[in-house]
Structures are given as structure tokens and as C-alpha cells.
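Me: I would like a close look at a single part of this protein, with the surroundings described first and the details afterwards. Please take one strand and explain how it sits among its neighbours.

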Amino acid sequence: MEREKAMDPEVPAMPAAPAPLPVALTTPPSCKAGAGGILEEHDREGDIWPWQRDVEVAPFAWAEAAVHVVVVWWSICIRPELLSSIGGKLVGDGEAIGKERDKEERRRKGSSANTQRFLLTLAQAEEDVAITSTNPSLVLINPGILSTLLLPSHRSRSIDSMPMETRDGSSRPEPASLPCSYAPLLDDAEAAVVGRGRRTGPLFAALLLALAAVLLAVATLAGVRLVGQLPATGVVMPDQLATVDEAMSTNSSRGPESGVSEKTSGVPAVHGGMLGADAAGSNAFPWSNAMLQWQRTGFHFQPEKNWMNDPNGPVYYKGWYHLFYQYNPDGAIWGNKIAWGHAVSRDLLRWRHLPVAMFPDQWYDINGAWSGSATVLPDGRIVMLYTGSTNASVQVQCLAFPSDPSDPLLTNWTKYEGNPVLYPPPHVGEKDFRDPTTAWYDGSDGMWRIIIGSKDERHAGMALTYKTKNFIDFELVPGVLHRVPATGMWECIDLYPVGGARGIDMTEAVAAASNGGGGEVLHVMKESSDDDRHDYYALGRYNAATNKWTPLDVDTDVGIGLRYDWGKFYASKTFYDPAKKRRVLWGWVGETDSERADVAKGWASLQSIPRTVVLDTKTGSNLIQWPVVEVETLRTNYTNLGSITIDHSSVFLLSLHRATQLDIEASFRLDPLDVAAAKEADVGYNCSTSGGAAGRGALGPFGLLVLADARRHGGDTEQTAVYFYVARGLDGGLRTHFCHDESRSSRASDIVKRVVGNVVPVLDGEALSIRVLVDHSIVESFAQGGRSTVTSRVYPTEAIYANAGVYLFNNATGARVTATSLIVHEMDSSYNQAYMASL
């Protein structure tokens with residue numbers, strides 16, 4: 001078709017040598033020498049190695065060292081395989097090292113060839129990228145953490161089936177490795193070399209055993225006490241988290257120093273970044289294994305272990321939905337070496353976890369491979385743009401592409417050897433330039449466009465537009481696409497069209513507008529506010545010719561008006577699903593518990609249920625978000641409770657089989673006579689400041705109590721309220737609030753518990769309706785068909801397993817409420833799977 005031909009990017013020329021870098025971005029000599037140079041430069045301060053910095057020698061440090069040796073002796077008996085492996089690594093002969101160097105040289109040559117192939121495929125769609133070189137990952141043993149590697153972590157044992165990671169990076173592949181996610185199997189010759197090295201393990205172990213016997217007596221005389229053993233009950237006690245404090249204090253940077261948002265729960269931070277407890281740990285709740293294990297969800301996306309935050313590059317490719325995400329492969333807290341996790345699904349629910357797609361292993365992303373987006377070109381090829389945090393913590397934009405485009409799982413990725421492709425422009429801070437959007441094609445000049453979020457010197461949030469023909473050479477489009485004063489840094493910017501009941505592709509919308517069509521289409525601009533970590537959006541009109549986006553209502557502009565979600569929901573990302581002609585929204589749902597609890601359970605963060613996004617054609621002033629239809633395939637048993645009328649000041653326990661994985665649909669109607677009798681104005685109500693579900697008025701609150709103790713109610717029993725509150729305004733009209741009350745969701749004190757929500761539009765004749773997804777530690781609610789959404793993370797300690805229940809409640813002072821419809825579906829788990837090569 002002519003339009004498709006016009007959309008094809010022009011044949012790019014081979015890029016010239018990269019321009020000289022700004023002084024702040026200058027690559028270290030070791031980096032220029034090759035991909036492996038970043039490790040060859042040992043970053044020494046005098047004669048001190050990085051892991052030796054800031055080490056204070058205690059008076060009895062020698063005794064503590066003796067304890068480490070004792071641990072080594074213990075490991076000989078319990079972990080001979082691990083010790084032998086480490087011994088083999090330490091005493092492996094030079095032949096294996098030589099082979100690794102040869103492989104590295106071949107890899108460098110192969111990487112250059114791969115990039116040239118990618119440039120050729122941009123010019124010739126019929127040629128596939130062929131990446132054949134591989135490089136086994138090298139494990140560098142840090143002498144300062146050798147004993148940690150050998151020590152069986154008591155924190156891992158505190159959760160029987162949930163291993164966790166608190167290492168400081170020893171498991172991460174060497175930066176010299178390709179951006180593939182696993183090391184290939186050794187060939188026969190290499191295996192023989194490694195095998196010869198491993199035969200020295202028993203000798204190494206015997207020497208340590210003899211040394212340990214001597215030092216054990218010395219340590220005993222010194223009065224050194226071994227600590228950290230688990231109690232027989234399996235409860236994680238506060239005093240046992242001292243080693244967690246110690247491990248995490250080395251990673252206390254939580255984001256702003258590196259130019260990213262504060263990736264925390266919101267609990268006050270003390271003691272080197274620890275959350276939710278004082279320095280002595282006296283406020284930490286004693287979570288049991290059963291409590292922590294219960295928190296893991298059944299049908300929400302989360303990695304198998306460790307930390308996750310922003311969704312990245314969602315895309316549909318060759319029959320698979322791909323979700324990439326910010327991931328810390330080293331532990332359950334945010335870190336400075338964020339990589340790209342990766343999973344695929346056929347239905348957006350049942351996921352297969354793939355190897356890590358990209359590690360921060362180059363000078364331009366060594367401090368983190370941060371958020372980005374995927375673009376599918378007209379011929380089906382994919383390009384990925386993402387933000388890299390350089391060795392100088394400057395934010396730059398980088399290009400990556402699939403190593404094997406014929407692989408539907410997109411398992412391996414290659415970074416463009418000329419990265420970065422974009423630097424911060426003048427008058428933009430080096431740490432205020434991130435998160436490129438999916439590109440769209442503009443036929444007026446035959447170029448692709450992307451948007452990047454930023455802020456100016458006056459703390460005004462803004463969106464910048466760039467255009468390109470080949471995703472390598474970019475040009476800043478004159479002017480600012482949009483700017484809003486006092487809104488701060490705009491992260492994870494998004495711009496997309498909405499109109500009618502289905503999704504619209506951005507390229508199609510721009511083409512239609514250029515031909516005089518698309519008059520009813522509006523464009524959503526969304527930003528994730530670094531100031532308060534909420535996702536704001538506004539409806540407006542995009543003019544491609546003038547590079548301007550204009551809001552429909554300046555009072556609800558970006559950053560000051562509407563939000564995607566009034567609860568815990570951030571750094572969201574949409575993508576257009578060509579298979580079902582819909583736009584799908586993902587959002588990061590972080591934890592609101594303490595970091596010490598996250599470390600104990602071995603994971604942190606969820607992704608929201610994927611949601612479809614359309615324009616609310618009834619109001620014309622907001623979006624409709626709704627769980628993707630595939631969610632309904634997880635429904636199993638259901639209970640139809642018909643019509644139930646609840647008097648004021650009443651609760652009613654629902655008879656359910658189980659209450660921890662539910663999909664609840666309910667509609668409510670206030671008694672018309674009671675509404676007419678409530679003539680007094682109630683203008684001061686606010687979800688967050690008016691007492692939550694305990695704050696009573698004539699016409700509310702009323703709704704559901706989920707994850708509530710089924711054995712009893714009232715008093716201080718655990719419950720999470722999902723409710724409406726109707727208030728009469730000064731003009732006599734009714735104003736409806738939709739809220740979540742988390743204040744009594746848990747007995748634990750070291751978590752954030754809030755009341756969240758906002759006003760939801762209710763049109764004449766509409767019933768008050770909600771849909772609530774309950775999945776262990778997350779509650780997602782959709783009011784009035786999705787006009788308003790609220791997400792909560794909750795951590796009950798008693799209302800779990802069989803003790804969890806659901807109640808109807810009406811805490812109004814003078815109105816009866818009827819649940820005109822109430823259907824409760826039990827939900828199956830999605831049973832996510834690990835990667836299997838047979839796929």
C-alpha cells in the first residue's frame with residue numbers, strides 16, 4: 001500500500017565515528033579499549049580496592065575473621081559443591097583464562113559486525129539480523145565477600161520456599177559479556193580445564209578445615225558469639241535482621257542522588273536507608289513465614305524473586321506479549337545496577353519468565369539500564385530505546401535491537417555500538433532527561449518522533465519532541481511540546497490517541513489527522529511525577545505541524561488534575577495491541593511495607609492487572625480503565641448474592657469458600673427517601689482527611705470490607721474498606737467519593753497505611769458500581785465502570801488464608817443501602833513459569 005511505503009524509514013547511511021563526548025561524559029580509557037575495560041580499570045584510590053573502602057577495623061576484627069573461617073569449615077561439611085566450585089575458580093590454570101581472552105576478542109569483533117548488520121537491516125527489510133557470537137560470563141570473586149558466599153543465609157531459611165538475594169553484585173555477569181542473558185554451556189575442552197581446577201577443591205577444603213580448628217579455639221577464648229540462628233518457630237525476629245541492616249547499608253542510595261525517583265515505600269527512612277524500624281529494629285513487626293508467603297500474589301505479574309519497578313517496552317511480537325521491567329538481579333531492594341527483566345505471555349496473564357534481557361554493562365548505562373519503549377517498524381522489526389545512566393550518572397538515550405529477529409521470544413538483545421544516540425540538550429539537567437516513548441511515524445516529513453520527559457530550571461515539568469529517520473541520528477524539534485509550571489520532573493512520559501470504544505495506534509491517528517480526519521480523536525498526555533510519585537494525565541489535542549499539545553481544560557492540566565489511579569500506582573506505560581485493536585496500560589505497584597520485610601521475603605513490587613484504556617464518551621472528560629477481558633478466564637466458582645439491603649450502622653458477612661483471590665462485582669443504591677431527607681450540606685468530605693470508613697455522614701460510607709477477619713468484626717480487627725461516600729453540596733447536588741481505607745488493614749506498625757481516593761463522576765440514572773480484584777496483598781478497584789481506580793497494597797497478619805472474609809457494610813448515620821447486584825468470583829492463579837528452552 002502507498003501509505004505503508006511512505007512510512008518506511010529511509011535507508012540510513014553507516015554512521016561516522018561518534019562525536020567527541022562532553023567533558024562530563026568522557027569515557028574512561030579502559031572503556032574505550034573495549035567492552036571489558038570497565039572492569040580492567042580497578043577504580044583504585046591509592047592502593048585501595050573498591051570493596052576495601054570505608055572499612056573500619058574493630059578491636060576484635062581478628063576474632064570476627066576467625067568466625068568467618070569457622071563458617072568456611074561449616075561450609076565444607078554442608079556445602080562441598082559450592083566450596084569446590086569456588087576452589088576451582090580460584091586455582092584454575094592459565095589455559096582457561098587464555099581461552100576466555102580469546103573468546104572476548106572474538107566477541108568484540110562479533111559485536112561490531114552485529115551492529116553493522118542491524119544498520120543494513122534498517123536499509124534492507126529482507127535481511128535478518130544474525131548474531132552468532134557468544135561469551136561465557138565470568139564470575140569475579142570479591143575477597144571481601146567470600147565468607148558471605150559460603151555462609152548459608154539465615155534470612156533465606158526464614159522463608160522455607162522463598163530464597164532471597166542480598167548480595168552486592170557478585171552474581172551479576174561481568175560487564176564484558178554480551179547483552180544476552182545466560183552463559184552458554186562449556187565445550188568439552190573448557191569443561192576438562194575447569195574439571196582439572198575443581199579437583200583441587202578437596203585439598204583446599206582440607207587446609208581450611210585444619211586452620212578452622214585452630215582459630216575456633218581462639219575465637220572461643222575471645223568471647224566471639226555466633227549470632228543469626230533462626231528460632232525453632234520460624235519467626236523472623238527483629239534482632240535477627242542485624243545482618244540485613246548491614247548488607248543494605250551499603251546500598252543506601254535510594255535514587256535522587258542518581259537522578260531517579262525515590263524508589264521507596266514511603267515509610268520514614270532511617271539507619272542507612274532502612275525503612276519502617278528504628279536503628280535497633282525495635283519497631284519491626286515479627287513477620288512469620290506463613291504471613292510473608294501469603295503476601296505473594298496469585299494472578300498479578302511479579303518476578304520469581306528480587307526487586308522490580310517500572311514496566312518497560314511492552315510489545316506484541318509474533319504471537320507473544322512481551323513485558324520488560326526494571327529489575328535488580330541482586331536482591332529485593334532498588335539498586336544502582338538496574339537491569340531489564342523479561343517475560344512473555346500469550347494472554348497477558350500466564351507468563352513465562354525469560355533470562356534478563358539487558359544488563360548495565362557499558363559505560364553509557366553502567367549505573368543502570370533504565371526505562372524505555374519498544375517500537376515496531378512497518379516491516380515487523382523492533383527497535384528499543386532506553387535511558388542509560390552513564391559512569392558519570394548522566395542520563396543518555398540508547399538503542400538496542402533483537403539479536404535474532406526470527407526468535408519470537410526475543411531472548412537476546414544487542415546494544416548499538418555507537419550508543420548513546422541522544423545526550424541532554426542545553427538548559428536541561430544531566431539527571432533530568434529520561435524515559436523515551438514509543439515512536440510514531442509522521443508522513444509529513446517521513447520521520448519518526450519520540451518524546452522524552454524533563455524539567456526546566458524553574459521546576460516546570462515538560463515534554464521534548466525528537467525526530468529521526470534511522471533511530472541513530474536525532475533532531476530536537478523546535479519548541480516544547482508541553483510545559484506545566486511547578487510540576488517537577490516528568491518521568492515515564494506517554495502520549496497516545498483515544499476515541500470511541502477501541503484503541504488507536506498513534507501513527508494511524510497522525511496520518512488520519514494529516515488527511516483531515518480524526519476530528520473526534522483526543523490525545524492523552526501522561527507524566528509520572530517525580531515530586532509525589534503519582535501518575536497524572538490530561539486530555540487534549542495534539543498538533544503535529546506545530547509540535548504542540550493543548551489540554552482541553554487548563555484546570556486539569558498534566559500534573560495538577562486527573563490521575564490514572566488514586567492509590568499505589570506509578571511509572572505506568574501503555575502500548576497498542578494490534579492483535580485485539582486495544583490500548584493496554586501497565587503500572588508499577590510498589591510495596592508499602594518495610595525494606596527489611598521485603599528482604600526477608602525475597603521479593604518486592606508487583607505490576608497492576610493490565611488494563612484497557614478508552615475515552616469515556618459519556619463524560620468526554622476522563623478515561624475508562626478496565627481489566628483486560630482475559631482476566632475473566634481465571635474465574636472459577638462464583639456466588640450470586642442477589643439483592644441485599646443493609647440498614648445504617650450495619651455489617652453483613654458474605655458466605656464464601658475463600659476470600660484471598662476474588663473478582664467482585666457490585667452495584668449499590670441508596671434509599672431515595674433517605675437521600676431526599678439528607679438536606680444538610682456536607683462539603684468538607686475528603687477521602688484522605690475525613691476519617692476513612694469510620695468517618696460517618698448521612699449518606700455514607702458504605703461498600704465492602706475485604707481481607708477482613710471472618711471470625712469477628714469491629715474493634716481493631718483487620719479489614720480493608722472499599723467504599724462510597726455521598727455528600728450533598730451547597731448547591732443541593734450530590735457529590736460521590738470513592739475511597740480505600742487501609743488504616744486497619746494490618747496490625748503491623750512498620751508499614752504505610754493510608755486512606756486514598758477521590759471524587760468520581762456519577763451521571764443521572766447511574767447506579768453506584770464497583771469491581772474489586774483481591775489478590776492477597778493487593779486490592780485493585782474500579783468505580784463507575786472504570787472512571788476512577790484505586791490500588792492498595794495491604795499486609796494483614798490475621799485476616800489471611802481461611803481467616804480472610806468479605807463483609808458488606810453501611811456506616812451511614814441515616815440511610816439504608818441496597819446491594820442491587822453482588823457477584824463474587826473466586827479466582828484461579830495464573831501459574832507463571834520459568835523459562836524453558838523447549839519453547
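Reply: The protein chain of this predicted model contains 15 helices and 41 strands, and of its 839 residues 56% are buried. Among contacts in the chain with a separation of 6 or more, 69% are between residues 24 or more positions apart. The accessible surface of the protein chain is about 34,100 Å², and carbon and sulfur atoms contribute 55% of that area.

The part I have chosen is strand β33, which spans residues 720-728. This strand belongs to an open sheet of six strands, arranged in the order β30-β39-β32-β33-β34-β35 and paired in the antiparallel sense. At the edges of the sheet stand β30 (650-653) and β35 (755-759), and because each of these has a single partner strand, one side of each is left without a neighbour in the sheet. On average, and with direction ignored, neighbouring strands of this sheet are turned by 20 degrees against each other. In that order β33 lies between β32 and β34, so it is useful to recall that strands of a sheet pair through backbone hydrogen bonds, in either a parallel or an antiparallel manner.

On one side, β33 runs antiparallel to β32 (residues 702-709), and five bridges join the two strands. Two of the residue pairs can be named here: Leu-705 has Ala-721 of β33 as its bridge partner, while Leu-704 is matched with Val-722 of β33.

On the other side, β33 pairs with β34 (residues 734-741), again in the antiparallel sense, and this pairing extends over eight bridges. Within it, Tyr-723 stands opposite Cys-739 of β34. The strands β33 and β34 also form a hairpin, with five residues between them, and in the turn Gly-732 has a positive phi of about 90 degrees.

As for how far the strand is covered, nine of the nine residues of β33 are buried, a term that here stands for a relative accessible area under 20%. The residues of the strand point in two directions: Thr-720, Val-722, Phe-724, Val-726 and Arg-728 point one way, whereas Ala-721, Tyr-723, Tyr-725 and Ala-727 point the other way, and all of them are buried. Burial therefore applies to the residues on both sides of β33, with buried meaning under 20% relative accessible area, and the residues named in the pairings above can be placed in this pattern, since Val-722 belongs to the group with Thr-720, and Ala-721 and Tyr-723 to the group with Ala-727.

Note on methods:
Residues numbered from 1 in each chain as written. Predicted model: local features only at pLDDT ≥ 70, side-chain atom pairs only at ≥ 80, totals over all residues. Heavy atoms only, no water. Pairing = 2+ DSSP bridges. Helix = DSSP H or I, 4+ residues; strand = E, 2+ residues; numbered from the N terminus. Axes fitted to C-alpha atoms, helices over the stretch in contact; angles between N-to-C directions. Buried < 20%, exposed > 50% of the residue type's maximum accessible area, 1.4 Å probe, protein only. Contact = heavy atoms within 4.5 Å. Areas by Shrake-Rupley, 256 points an atom, 1.4 Å probe, with all protein chains shown as cover.
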